[in-house]
Amino acid sequence: MMSNTNSVVAVFESHDQAENAIRKLQKAGIDMKNLSIIGKDHHTEEHVVGYYNTGDQMLYWGKQGAFWGGFWGLLFGSAFFLMPGIGPLLAAGPIVALIVSSLESAAVVGGLSALGAGLLSIGIPKNSIVEYETEVKTGKLLLVVHGTVDEVKRARDLLHQTQAKSTTIHGDPTAVGV
């Protein structure tokens, strides 16, 4: 589990936009273990053939297989969830452990989904969680960068140079207003 609750959340309209942002962060030296990506699995005209896990890597067949397969190899941890009210959800990065933890401990707080509880555990306020869950339900992707105040500010500055629909810092008050 993560020890700090500083994060920046960027919302992307498409897989390509999210992929370009992740590549930008990677090239700038942002630790890929501090990235999480969350998206709904409905960007397909075909039915997903399947998912499977071999050792440390999860594989996906479907229209966005190259996108998800590539990032499941890059980011720490991956999962497929069927979330009531959201539907099929793909996630990669530290957020996976937080979602699983909330599911295992039945720590779904105040009517939040397991995704919401995972976001709450990294310091995302409830009003923002509702917004982010709505974004995911409508097919957007969330890219979350976790880290120290300085790492999160640096990631936010890099994400401002991408096609993110929005970019918001959560956590330490010294980072939020900047």
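I take helices (H or I, at least four residues) and strands (E, at least two) as DSSP runs, numbered from the N terminus.

**Entry 1: ground rules.** I am reading a predicted model, where local features need pLDDT of at least 70, side-chain atom pairs count only at pLDDT 80 or more, and totals for chains, interfaces and linings use all residues. Residues are numbered from 1 along each chain as its sequence is written, and side-chain values use heavy atoms, with hydrogens and water left out.

**Entry 2: the whole chain.** I looked up the elements and found seven helices and eight strands. Next I checked burial. Buried means under 20% relative accessible area, exposed over 50%, and partly exposed in between (1.4 Å probe, protein chains only). Of the 178 residues, 47% count as buried. I then turned to contacts, meaning heavy atoms within 4.5 Å. Among contacts between residues at least 6 apart in sequence, 61% join residues at least 24 apart.

**Entry 3: helix H5.** I started with its length. H5 has 12 residues, and its first and last C-alpha atoms lie 16 Å apart, close to the 16 Å expected at 1.5 Å a residue. The expected span is 1.5 Å times one less than the number of residues. Which residues of H5 are buried? I noted Ser128, Ile129, Tyr132, Glu133, Glu135 and Val136. Down the axis of H5, these buried residues fall within an arc of 155°, so they line one face of the helix. The arc is that of the directions from the helix axis to the C-beta atoms. I also looked for what covers them: the list includes E1, E2, E6, H4, E7 and strand E8 (166-170). Just after H5, Gly139 has a positive phi of about 95°.

**Entry 4: helix H1.** H1 covers residues 15-27; at 1.5 Å a residue its 13 residues should span 18 Å, and its end C-alpha atoms are indeed 18 Å apart. I found His15, Gln17, Ala18, Ala21, Ile22 and Leu25 buried here. They line one face of H1, because seen down the axis they fall within an arc of 165°. The face turned away from that buried side carries the exposed residues Asp16 and Lys27. Just after H1, Gly29 takes a positive phi of about 90°.

**Entry 5: strand E2.** Why do I call E2 (residues 35-40) largely enclosed by the rest of the structure? Six of its six residues are buried, so the description follows. Leu35, Ile37 and Gly39 are on one side, with Ser36, Ile38 and Lys40 on the other. I then checked its pairing; two strands pair if DSSP finds at least two bridges between them. E2 runs antiparallel to strand E7 (residues 141-146), joined by five bridges. Gly39 has Leu141 as its bridge partner in E7. Four bridges link E2 with strand E6 (residues 87-92), again antiparallel. In E6, Leu89 stands opposite Lys40.

**Entry 6: the cores.** A nonpolar core is a set of buried Ala, Val, Leu, Ile, Met, Phe, Trp, Tyr and Cys residues joined through side-chain atoms within 4.5 Å. The largest has 23 residues, of which Ile38, Met83, Leu89, Ile95, Leu115 and Leu119 touch the most other members. Elements giving two or more residues to this core include strand E5 (78-83), helix H3 (95-104) and helix H4 (114-120). H3 gives the largest share, four residues. A second, separate core of 20 residues includes Phe12, Ala18, Ile22 and Leu25. I closed with Met83: leaving aside neighbours within four places in sequence, Met83 is in contact with Leu89, Ile99, Ala114 and Leu115.
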